[in-house]
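Here is my note on the model you sent, set out as numbered points. Please read it with the structure open beside you.

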Amino acid sequence: MTTITDNQPETRFDRGLRFKDARLERLLELVDGGRRLDLEDGSLLMETDDIHGVCSLADRVRRRIHGDIAWYNVNRHLNYSNVCALSCSFCAFHRKKDEEGAYEHSLDEIRREAVEASAAGATEMHIVGGLHPWLKFDYYIDMLNTIRDQAPEIHVKAFTAVEIVHLARISGRGRDGVDGIRQVLVELRKAGLGSLPGGGAEVFDDRVHDEAFKGKIRSDQWLDVHRIAHELGLNTNATMLYGHVERPRERLGHLELLRTEQDRALLSWAEAQSIPVDDGKVVLTGVNDLYQKDRLPRVGADGLDGGYYQAIIPLPFFPDKSKLEYLHGPTGLENLRMLAVTRLMLDNFPHVKAFWIMQSIEMAEFMLQNGADDIDGTVVWYDITKLNDAGTHQEHSAHDLHRAIREAGFEPVERDTLYRRVYREGSSWSVRD
Ligand code: V47
């Protein structure tokens with residue numbers, strides 16, 4: 001039994017939690033009662049000195065949903081081109097067409113990448129790039145067809161919302177309208193698109209938009225793309241890029257918008273699956289709740305049964321070589337707090353991912369104990385950010401990921417993109433429900 005001595009600060013050892021900041025006790029009650037935290041609660045989580053308390057709350061929720069499991073996948077990221085019509089001030093990845101270092105992958109290179117990924121037993125290719133001013137829509141369709149021809153077993157998670165809007169424009173399917181977006185998504189899905197990654201969301205706020213990524217789509221269009229993808233049965237992810245010019249309240253506003261969107265997405269999804277809904281909401285209650293056998297969102301021949309956000313990935317800003325290089329970027333503690341706050345505010349997102357490429361593997365391990373349940377995958381190639389002067393080759397083997405997850409005290413579970421368990425013998429694998 002633990003005893004509290006007189007010279008300790010006011011603390012409570014209630015259900016194993018000890019808070020230096022007694023204001024967090026009210027949040028413990030809310031969290032334990034499955035009640036939603038509001039923006040004021042969020043502000044408290046962002047400002048309290050008791051980061052340990054915030055992390056303990058997040059860990060509690062994470063364990064309720066995922067128990068002692070932590071997820072990873074065997075994947076490959078592919079950044080097909082860094083040529084971009086935009087010049088966002090936070091971004092060090094983009095190049096103009098004739099600038100030194102500009103590149104675009106040919107279809108042959110993409111074919112080779114798919115063959116290698118398949119031989120290595122990858123279950124997913126995560127594909128994103130800049131808004132290339134000259135590549136035609138056919139290039140993107142051919143890219144998907146090529147991958148499907150070479151590696152039909154691989155799930156292609158590709159194109160951020162801003163790329164989808166760009167494709168709607170260049171394909172002539174519609175300038176900015178939702179009809180063009182829908183048509184493009186339908187065509188991409190036919191060619192093999194399996195889901196959308198969460199990139200490009202940055203911070204859903206007009207002030208921040210105009211200061212750090214003017215020219216990019218605003219939040220309404222980003223959310224439109226994901227909403228339409230959900231309506232078409234595709235699952236998607238979401239991100240938040242923090243630690244640059246945004247304020248804590250703007251981060252919370254971003255999370256709140258995502259939470260509202262996910263409420264709506266889950267409700268429509270549950271209705272489409274004939275899943276009974278209590279009190280007009282779908283609640284995450286237990287380990288892998290959305291994926292229980294009788295509730296499994298089966299992916300049919302044309303992938304019609306998804307339709308919600310799977311994971312949120314908080315992304316820490318890397319200032320190096322960007323126009324915002326004068327900023328220092330978030331500290332490790334800020335990253336930890338943001339991850340935990342994300343877990344606590346997004347009570348309707350099944351997964352919170354600590355992307356090891358941007359957090360470091362050591363920090364991702366630590367984050368598993370503080371709200372995260374996923375660390376992304378083997379990655380192999382990554383060009384958008386480079387931690388500690390890494391090159392484009394940034395890889396951890398499945399063995400490394402296992403070790404990291406075990407070190408953090410969790411059981412590693414390999415998943416596919418839709419969070420189904422993967423059973424593997426070497427490079428052969430299958431998913432079972
Ligand atoms: O969209 C760009 C961000 C994102 C910088 O969906 C930067 O599973 C920090 O979205 N500093 C790409 N971030 C990464 C991404 C992602 C990663 C892992 C998994 C998933 C998923 C999605 O990186 C971009 C942008 O928001 N980014 N430049 C920078 N200087």
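**Notes on the ligand site and E124**

1. In this predicted model, an N or O atom in the side chain of K157 lies 2.7 Å from an oxygen atom of the ligand. K157 is one of the residues that come nearest among the 23 around the ligand, together with G198, G200, E202 and K353.

2. Two glycines approach the ligand through their backbones: a backbone N or O atom of G198 is 2.8 Å from a ligand oxygen atom, and a polar backbone atom of G200 is 2.7 Å from an oxygen atom of the ligand. The protein buries 95% of the 610 Å² that the ligand exposes when it is taken alone.

3. As for the shell around the ligand, strands β6 (235-242) and β7 (309-316) are the elements that give two or more residues to it. By residue class, the shell divides into 12 nonpolar, 7 polar and 4 charged residues.

4. Is E124, which lies in strand β3 (residues 124-128), buried or exposed? E124 counts as buried, because its relative accessibility is 0%, where the cut-off for buried is under 20%.

5. Which side chains make polar contacts with the side chain of E124? The side chain of N73 does so at 3.3 Å, and that of N75 at 3.1 Å.

6. Leaving aside residues up to four places away in sequence, E124 touches N73, V74, N75, R76, I154, H155, K157, R415 and T417. K157 thus links the two parts of this note, since this residue touches E124 and has a side-chain N or O atom 2.7 Å from a ligand oxygen atom.

Methods:
Residues numbered from 1 in each chain as written. Predicted model: local features only at pLDDT ≥ 70, side-chain atom pairs only at ≥ 80, totals over all residues. Heavy atoms only, no water. Near = heavy atom within 4 Å. Polar contact = N/O pair within 3.5 Å; in protein donor to acceptor, adjacent residues only side chain to side chain. Areas by Shrake-Rupley, 256 points an atom, 1.4 Å probe, with all protein chains shown as cover. Helix = DSSP H or I, 4+ residues; strand = E, 2+ residues; numbered from the N terminus. Nonpolar A, V, L, I, M, F, W, Y, C, P; charged D, E, K, R; others polar. Buried < 20%, exposed > 50% of the residue type's maximum accessible area, 1.4 Å probe, protein only. Contact = heavy atoms within 4.5 Å.
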